[in-house]
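Visitor: I would like to go through this model by asking about its residues and helices. Please give the reasoning before each answer.

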Amino acid sequence: MLLAGILKRDPTHPMVVNAETSVFNYCTRRCRSQGLPITVITGTKEARYLMWMYKHRVMSITFNLTNPTNPKLLQSVLNKDIECRHIGFLTREQLFPELWEPIRAKLRDRNLRVEDEISTG
């Protein structure tokens, strides 16, 4: 429901449904890979893992879609450059490449320097 307001669409619109489904699928796969129980029966102890993960994934995506320093993400989703069915699976680098690319470049440079120091002895 939260994504419907951000995407400026009705909650039943395919973009919203695909985005929500994508987040849910991401969370279930992540729970499964970590050996956590997966259930959607509210009120059960097992449901809290999936609910917590879903809540935090939606919060992360919501923050990135509404971040004024990251307008390209929302535009990419609205223009369908990024398909809503993939939004739940985007990495932090894909959600905000302008933020992460300089960091990755610095890490690459630092790693190259360390490799050079190791190889030159």
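Visitor: Is Lys80 buried or exposed?
Guide: This is a predicted model, and in it Lys80 lies in the loop between helix 4 and helix 5. The cut-off for exposed is over 50% relative accessible area. Lys80 has 59% relative accessibility, so the residue counts as exposed.

Visitor: What phi does Lys80 take, just after helix 4?
Guide: Most residues other than glycine have a negative phi. Lys80 is not a glycine, yet its phi is positive. The value for this residue, just after helix 4, is about 65°.

Visitor: Which phi value does Lys8 have, and in which loop is Lys8 found?
Guide: Lys8 is not a glycine either, and its phi is positive, at about 55°. With 60% relative accessibility, Lys8 counts as exposed. Its place is the loop between helix 1 and helix 2.

Visitor: Which residues of helix 4 are buried, and which helices are included in what covers them?
Guide: Helix 4 runs over residues 71–78, and its buried residues are Leu73, Leu74, Ser76, Val77 and Leu78. Buried here means under 20% relative accessible area. The cover over these residues includes helix 1 (2–7), helix 2, helix 3 (47–66) and helix 5 (92–95).

Visitor: Why does Asn70 count as buried, and which residues are in contact with Asn70 beyond four places in sequence?
Guide: Asn70 is found in the loop between helix 3 and helix 4. Its relative accessible area is 2%, so Asn70 is buried, the cut-off being under 20%. Leaving aside neighbours within four places in sequence, the residues in contact with Asn70 are Asn64, Leu95, Phe96 and Glu98.

Visitor: Where is Ser22, and which backbone oxygen lies 3.1 Å from a polar atom of its side chain?
Guide: Ser22 belongs to helix 2 (residues 14–33) and is buried, at 2% relative accessible area. Not counting residues up to four places away in sequence, Ser22 touches Cys84, Arg85, His86, Ile87, Gly88 and Phe89. The backbone oxygen 3.1 Å from a polar atom of the Ser22 side chain is that of Arg85.

Visitor: How are helix 2 and helix 3 oriented to each other?
Guide: Their axes are 9 Å apart and the packing angle is about 130°. Angles over 145 degrees count as roughly antiparallel and those from 65 to 115 as roughly perpendicular. Helix 2 passes helix 3 in a right-handed crossing. The angle falls outside those ranges, so the two helices are oblique.

Visitor: How do the residues of the contact of helix 2 with helix 3 divide into nonpolar, polar and charged?
Guide: Helix 2 contributes Glu20, Val23, Phe24, Tyr26, Cys27, Thr28, Arg30 and Cys31. From helix 3 come Tyr49, Leu50, Met53, Tyr54, Arg57, Val58 and Ile61. The division is 11 nonpolar, 1 polar and 3 charged.

Visitor: Why does Leu99 count as partly exposed, and how many Å apart in space are Leu99 and Ile38?
Guide: Leu99 is part of helix 6 (residues 97–120). Its relative accessible area is 41%, so Leu99 is partly exposed, a class that lies between under 20% and over 50%. Leu99 and Ile38 are 61 residues apart in sequence, and their C-alpha to C-alpha distance in space is 33 Å.

Technical notes. Residues numbered from 1 in each chain as written. Predicted model: local features only at pLDDT ≥ 70, side-chain atom pairs only at ≥ 80, totals over all residues. Heavy atoms only, no water. Helix = DSSP H or I, 4+ residues; strand = E, 2+ residues; numbered from the N terminus. Buried < 20%, exposed > 50% of the residue type's maximum accessible area, 1.4 Å probe, protein only. Polar contact = N/O pair within 3.5 Å; in protein donor to acceptor, adjacent residues only side chain to side chain. Contact = heavy atoms within 4.5 Å. Axes fitted to C-alpha atoms, helices over the stretch in contact; angles between N-to-C directions. Parallel < 35°, antiparallel > 145°, perpendicular 65-115°, else oblique. Left-handed = near helix turned anticlockwise from the far one by under 90°. Nonpolar A, V, L, I, M, F, W, Y, C, P; charged D, E, K, R; others polar.
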